Amino acid sequence: MDIAVIGTGYVGLVTGAGLSDFGNDVICVDVDVKKIEALKNGIIPIYEPGLDTLVSKNVSEGRLRFTTDLSEAIRAARAIFIAVGTPPKPDGSADLRYVEEVAHSIAQHMNGPKLVITKSTVPIGTGHMIEQIIESHGTGHKASIVSNPEFLREGSAIEDFMRPDRVVIGASSDEAAELMKEVYAPLHSLEIPFVVTNVESSELIKYAANGFLATKITFINEIAALCEKVGANVHDVAIGMGLDTRIGPKFLQAGPGFGGSCFPKDTSALADIARRHDYDFQIMEAVLRVNDAVKLRMIDKIVAALDGEVEGKTVAMLGLAFKPETDDMRDSPTIPIIQGLQKRGATLRVYDPQAMDNAKKIFNDIVYCEDAYATADGADLLVLATEWNEFRALNFERIRKALRQPSIVDLRNVYEPFRMAGLGFKYTSVGRVDDRRKRTR
Ligand code: UDX
């Protein structure tokens, strides 16, 4: 299938590379000349494990190319994937400006029947809106509208694309659905489930899935808060809950609240969609409120570990990205935590294996260090904020010597309380008590 992917952000680039690897001929288009030039030279603008190899393989095998020429890409394609940004507006709703612009461009340049597929996460009704925009141009060519949401996790996006749990296709006609199966032919033959439905249901599936996962995380974060009050251990509670197959063990890791490019944006968009349809989606509204409160609770934890005296103290922070294996700082819980500590007069020393360049665009008044040990040097407290693997097996003897006070606040529950106590640290984590008794029994 000849395919155009419009927008070479995170989703567009992974989609373009993945679809070309499935054997399709893919042109990725972007208005950003610098980005396209870089991609033509094999430079990938984001950090995503395996993406560079996948891009270079498919470019060299002639199935993937990059251009700024939108008209050429539209004319050459049978299927056009829209993967432009849908940033949140101040009221939480998705800004569809770029999607609308692309719909107009498709109508202006189309030279035959086209499948027009939304990959970007768009509010329910956007497929219909795109159809109307294209129809309003009176091109004389048929545009079949499809919604095909992505469920890619940063850090494992390639695997998620190549071996998804399901492929969701919301199509306006049977013919469009069949063509989409052709696009994803290798997945079809791997017997990955295909959910074929109408455009509106498909658009809602994406929000429902992300809203539910965000709710699950928020639920365990509330349980963690309760654990601290009653002397329970959230890790064990999560295992005990998650073994019920109706619940499942995933997304029950308590921490500093969810961040990233999807959950915060999609949960607030879902609440906004409900409001616009005159429905008060109370759970989603609560998830948004609680997630903000979780981040602030992490500040309280750090303040308490400093015995309430933050002014003039130095806090070392390991990890800045919203999760490991990504350089993404979007809505990272570390942002309000750092701001909260700075407001109380703390100085921050930080290190992240990938996200420091992006962090520098947000903070120019924190000290960026070259590794965990340099970060700890002379600090009054160490905060583990993102669970990168390299922080799992630190030399704690070195860390203890580097710190002014042997105190660790572990926002990701990576370390064992009893072990940290044994190493001489004052240790605080999320929703866990020191379970030394249980382990030595
Ligand atoms: C998410 C969805 O998983 C993906 O399907 C969708 O397409 C895009 O949004 P992503 O944002 O890359 O992917 O990260 P994910 O691994 O889902 O984590 C999101 C946030 O939740 C992170 O801040 C993470 O630290 C947090 N999280 C996740 C928890 O706090 N606890 C958990 O148990 C799981």
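This report walks through the ligand site, the two domains around it and one loop arginine.

The model is a predicted one, so please read every distance and area below as computed from its coordinates.

**The two domains**

Let us start with the overall layout. The protein splits into domain 1 (2-197) and domain 2 (210-440), and their C-alpha centres are 34 Å apart. Where the domains meet, 14 residues of domain 1 are in contact with 18 residues of domain 2. An interface is often sized by the accessible area that is lost when its parts come together. For domain 1 and domain 2, the buried area is about 1,300 Å², and carbon and sulfur atoms supply 49% of that area.

**The ligand site**

Where does the ligand lie with respect to domain 1 and domain 2? The ligand lies between them, because both domain 1 (2-197) and domain 2 (210-440) contribute residues to the shell around it.

That shell holds 18 residues, and the closest are Glu154, Gln253, Gly259, Lys323 and Arg412. By class, the shell residues are nine nonpolar, three polar and six charged. Helix α10 (residues 199-230) provides the largest share of the shell, with three residues.

Some distances to oxygen atoms of the ligand are set out here.

| Residue | Protein atom | Distance to a ligand oxygen atom |
|---|---|---|
| Glu150 | polar side-chain atom | 3.3 Å |
| Leu152 | backbone N or O atom | 3.0 Å |
| Leu252 | backbone N or O atom | 3.3 Å |

On its own, the ligand has 660 Å² of accessible area, and the protein covers 92% of it.

**A loop arginine**

Now to Arg63, which sits in the loop between α3 (51-60) and β3 (64-67). Which side chains does the side chain of Arg63 meet in polar contacts? One is the side chain of Asn58, at 2.7 Å, and another is the side chain of Glu61, at 2.6 Å.

If neighbours within four places in sequence are set aside, the residues in contact with Arg63 are Ser20, Asp21, Gly23, Asn24, Asp25, Val26 and Asn58. Asn58 therefore appears twice for Arg63: in this list of contacts and as a side-chain polar partner.

Note on methods: Residues numbered from 1 in each chain as written. Predicted model: local features only at pLDDT ≥ 70, side-chain atom pairs only at ≥ 80, totals over all residues. Heavy atoms only, no water. Near = heavy atom within 4 Å. Polar contact = N/O pair within 3.5 Å; in protein donor to acceptor, adjacent residues only side chain to side chain. Areas by Shrake-Rupley, 256 points an atom, 1.4 Å probe, with all protein chains shown as cover. Helix = DSSP H or I, 4+ residues; strand = E, 2+ residues; numbered from the N terminus. Nonpolar A, V, L, I, M, F, W, Y, C, P; charged D, E, K, R; others polar. Domains from an automatic or database assignment. Contact = heavy atoms within 4.5 Å. Buried area = accessible area lost by both parts, 1.4 Å probe.
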